[in-house]
Amino acid sequence: MAKQYGFLIDASRCTGCRTCEVACKDKNNLPVGRNFRHVLCFEGGGWRQDRATGAWRTDTFAYYVSVSCNHCEDPACVKACPTKAHFKRKEDGLVLIERDKCIGCGLCQKACPWDMMSFDREKQKASKCFLCDGEPKCVKACPAAALTYMPWKDRSGEPARRPTHGYLPEENANQCSVCHG
């Protein structure tokens, strides 16, 4: 394998707008309740009163992470598939499904440690993110440039460098008027 491609998610940029989810859903014509991409929200903390001063302080936090199939280096779904419908493409490391070989048994869904497999009830087949054949719509749709699709590893095992997007200057990434009103 020449390169392993995948998503780089910059959680410091993700505003939780879910534009990536909508773009993916639209591109793949997915029905209600079925997504290949999910935006997760992590939040916590609370208010604490300082015993000495009586002042109230907060340690609250919230951040978002956009997730989809990780196109794993050693994919559990590929190992679990009894018909070999799931396979890892050598040239770019994408994990794909040959739909005509899929028997809809669900073993891939159970095996995925990230719970990123989807089931097409109409066709009785497994389905998942296939990276829009190398042009992920979720990446193009992200107004904050939080998602990048790139080779994340080459044969040397060295991580690749994050490319610049061009449409959102790095120094203004958190000043987007759409996201930060």
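This is a short talk on one predicted model, covering its confidence, its helix 1, its largest pocket and a few buried residues.

Let me begin with confidence, since what we are looking at is a predicted model. The protein chain averages a pLDDT of 84, and 83% of the residues score at least 70. Confidence peaks in helix 2, residues 76-80, with a mean of 97, and it is lowest in helix 5, residues 177-180, where the mean is 36. Across residues 164-181 the pLDDT stays under 50, and for that stretch the model has 25 contacts beyond four places in sequence. I will say nothing further about that stretch.

Turning to helix 1, which of its residues are buried? In this helix, which runs over residues 19-28, they are C20, E21, A23, C24 and N28. If we look down the axis of helix 1, these buried residues fall within an arc of 165 degrees, and therefore they line one face of the helix. The face turned away from that buried side carries V22 and D26, both of which are exposed. Just after helix 1 comes N29, which takes a positive phi of about 50 degrees.

Next, the largest pocket, whose volume is about 320 Å³. Of the 16 residues that line this pocket, the closest to its centre are R34, F36, R99, D120 and S127. Two elements give two or more residues to the lining, namely strand 7, at 95-97, and strand 9, at 125-127. Taken by class, the lining is made up of seven nonpolar, six charged and three polar residues.

Staying with strand 7, I would like to pause on L96, which lies in that strand. With a relative accessible area of 13%, L96 falls under the 20% cut-off, and so it counts as buried. What does L96 touch, if we leave out residues up to four places away in sequence? The list consists of A85, H86, F87, R89 and F130. As for H71, it stands 25 residues from L96 in sequence, while the C-alpha to C-alpha separation of the two is 8.5 Å.

Now to two residues with backbone angles that you may wish to inspect on the screen. L131, in the loop between strand 9 and helix 4, the latter at 137-141, has a phi near 60 degrees, a positive value in a residue other than glycine. L131 is also buried, at a relative accessible area of 2%. On the other side of helix 4, in the loop that leads from helix 4 to strand 10, at 147-154, we find A145. A145 is not a glycine either, and yet its phi is positive, at about 55 degrees. Is A145 buried or exposed? With a relative accessible area of 0%, A145 is buried.

Finally, strand 10 itself, in which L147 is found. L147 is buried, with a relative accessible area of 1%. How far apart in sequence and in space are L147 and F7? In sequence they are 140 residues apart, whereas in space, C-alpha to C-alpha, they are 6.6 Å apart.

To return to where I started, these are features of a predicted model, and residues 164-181, with pLDDT under 50, should be kept in mind as we discuss it.

Conventions. Residues numbered from 1 in each chain as written. Predicted model: local features only at pLDDT ≥ 70, side-chain atom pairs only at ≥ 80, totals over all residues. Heavy atoms only, no water. Buried < 20%, exposed > 50% of the residue type's maximum accessible area, 1.4 Å probe, protein only. Helix = DSSP H or I, 4+ residues; strand = E, 2+ residues; numbered from the N terminus. Arc of directions from axis to C-beta. 1 Å grid on protein atoms, 1.4 Å probe; cavity = no way out; pocket = protein on both sides within 12 Å on 5 of 7 lines; lining within 4 Å. Points joined across faces, edges and corners; volume = space filled by probe spheres on them. Nonpolar A, V, L, I, M, F, W, Y, C, P; charged D, E, K, R; others polar. Contact = heavy atoms within 4.5 Å. pLDDT = per-residue confidence, 0-100.
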